[in-house]
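This report describes a single protein chain for a reader who is new to structural analysis. It begins with one kind of contact and then turns to the chain as a whole.

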Amino acid sequence: VSLYDLWLDDILPFSCCPMFMPPRSPFDPLPKWQTMTTAPLTGNVRRSGSMEPLYWSPCSGVFGLSRADLQKLPQRVVWFGSTTGMPPEAERFVRAECRAKPFLLFANFELSAELKCLLHRWVDAINSGELADAWDGAKMEQLLQLQQAGLDAFRACVDRLPQRTAGPPADCGFSPPTAVLKGE
């Protein structure tokens with residue numbers, strides 16, 4: 001499990017290859033959006049009936065998910081981040097109600113208070129840093145330790161829950177993205 005930043009413009013569809021990502025500092029003023037998931041990133045999420053949770057988001061204006069659809073995912077997923085500092089060119093990728101927020105958090109399962117606190121601290125740390133902090137070994141080490149604590153708390157949360165089936169439930173009818181954009 002790792003954290004990936006996918007708020008990009010002009011990225012090729014369904015690709016998060018580093019060759020298509022602009023270089024960024026974790027402390028830059030641009031929005032940051034993270035995903036933690038139990039989905040195997042190299043396996044069965046590509047099976048028919050499965051969705052890749054890194055491509056879909058409750059805040060996306062393109063690949064959005066309604067709150068009801070979040071519960072239909074076969075994997076446990078947490079989306080969190082900040083949408084402050086958004087360039088006007090990127091606004092079309094983010095639903096209006098999710099823009100200019102210093103902290104956003106969505107999940108398809110109950111999060112522990114510890115995990116919520118760690119995620120909030122991580123976002124606060126990157127939003128309150130300076131660009132030069134990316135070259136400060138001590139600050140980066142603190143950020144990495146906070147990230148690891150968040151990952152450990154995520155794992156502890158999902159390990160207490162019953163396993164979900166390997167695919168969506170039989171009655172799963174995902175809402176079309178246009179319905180999500182209308183505020184469904």
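A polar contact is a pair of N or O atoms within 3.5 Å; within protein, one atom must be able to donate a hydrogen and the other to accept it. One such contact involves Asn108, where a polar atom of the side chain lies 3.1 Å from the backbone oxygen of Leu70. The model discussed here is a predicted one.

## The chain as a whole

The protein chain contains four helices and three strands. Read from the N terminus, these elements follow the order β-α-β-β-α-α-α. The chain has 184 residues, and buried residues make up 41% of them. Its accessible surface comes to about 10,000 Å², and carbon and sulfur atoms account for 58% of that area.

Contacts in this chain can also be sorted by how far apart the partners are in sequence. Of the contacts between residues at least 6 apart in sequence, 73% join residues at least 24 apart.

## Asn108 and Arg76

Asn108 is placed in the loop between β3 (104–107) and α2 (113–128). Is Asn108 buried or exposed? Asn108 counts as buried because its relative accessibility is 1%, and the cut-off for this class is under 20%. Besides the contact with Leu70, the side chain of Asn108 reaches the backbone nitrogen of Val77 at 2.8 Å.

Asn108 can also be related to Arg76. Along the chain these two residues are 32 residues apart, while their C-alpha atoms are separated by 6.2 Å. Arg76 itself belongs to the loop between α1 (67–70) and β2 (77–82).

Which side chain of opposite charge is nearest to Arg76? That side chain is Asp159, at 9.3 Å, and Arg76 is buried yet has no salt bridge. A salt bridge requires a side-chain nitrogen of Lys or Arg within 4 Å of a carboxyl oxygen of Asp or Glu. The side chain of Arg76 does, however, reach the backbone oxygen of Pro162 at 2.6 Å.

## Salt bridges

By the cut-off just given, the count comes to six salt bridges. The table lists some of them.

| Residue | Partner | N to O distance |
|---|---|---|
| Lys32 | Asp28 | 2.8 Å |
| Asp133 | Lys139 | 3.5 Å |
| Asp159 | Arg155 | 3.6 Å |

In the pair Lys32 and Asp28, both residues are buried. The two also take part in a network of salt bridges that links Arg24, Asp28 and Lys32.

The pair Asp133 and Lys139 joins residues of unlike accessibility. Asp133 counts as buried because its relative accessibility is 10%, whereas Lys139 is partly exposed, with a relative accessible area of 36%.

Why are Asp159 and Arg155 separated by about one helical turn? The reason is that they are four residues apart in helix α3 (residues 137–159). Asp159 counts as exposed at 54% relative accessibility, and Arg155 counts as partly exposed at 35%.

## Nonpolar cores

In soluble globular proteins, nonpolar side chains tend to be buried together. The largest nonpolar core of this model has 19 residues, of which Met36, Val78, Phe80, Phe109, Leu115, Trp122 and Phe154 touch the most other members. At least two residues of this core come from each of β2, α2 and α3. Which element gives the most to this core? The answer is α3, which supplies seven residues. There is also a second, separate core of 15 residues, among them Tyr55, Trp56, Leu73 and Phe106.

## Two further loop residues

Most residues other than glycine have a negative phi. Ala100 has a positive phi of about 60° although it is not a glycine. The loop between β2 and β3 contains Ala100. Ala100 is exposed, because its relative accessible area is 58% and the cut-off for this class is over 50%.

Val62 lies in another loop, between β1 (32–37) and α1. With a relative accessible area of 37%, Val62 is partly exposed. In sequence Val62 and Arg92 are 30 residues apart, and in space they are 8.0 Å apart from C-alpha to C-alpha.

How values were computed: Residues are numbered from 1 along each chain as its sequence is written. This is a predicted model: local features need pLDDT of at least 70, side-chain atom pairs count only at pLDDT 80 or more; totals for chains, interfaces and linings use all residues. Side-chain values use heavy atoms; hydrogens and water are left out. Buried means under 20% relative accessible area, exposed over 50%, partly exposed in between (1.4 Å probe, protein chains only). Contact means heavy atoms within 4.5 Å. Accessible areas come from the Shrake-Rupley method with a 1.4 Å probe; for residues, only the protein chains shown count as cover. Lys and Arg count as positive and Asp and Glu as negative; His and the chain ends are not counted. A nonpolar core is a set of buried Ala, Val, Leu, Ile, Met, Phe, Trp, Tyr and Cys residues joined through side-chain atoms within 4.5 Å.
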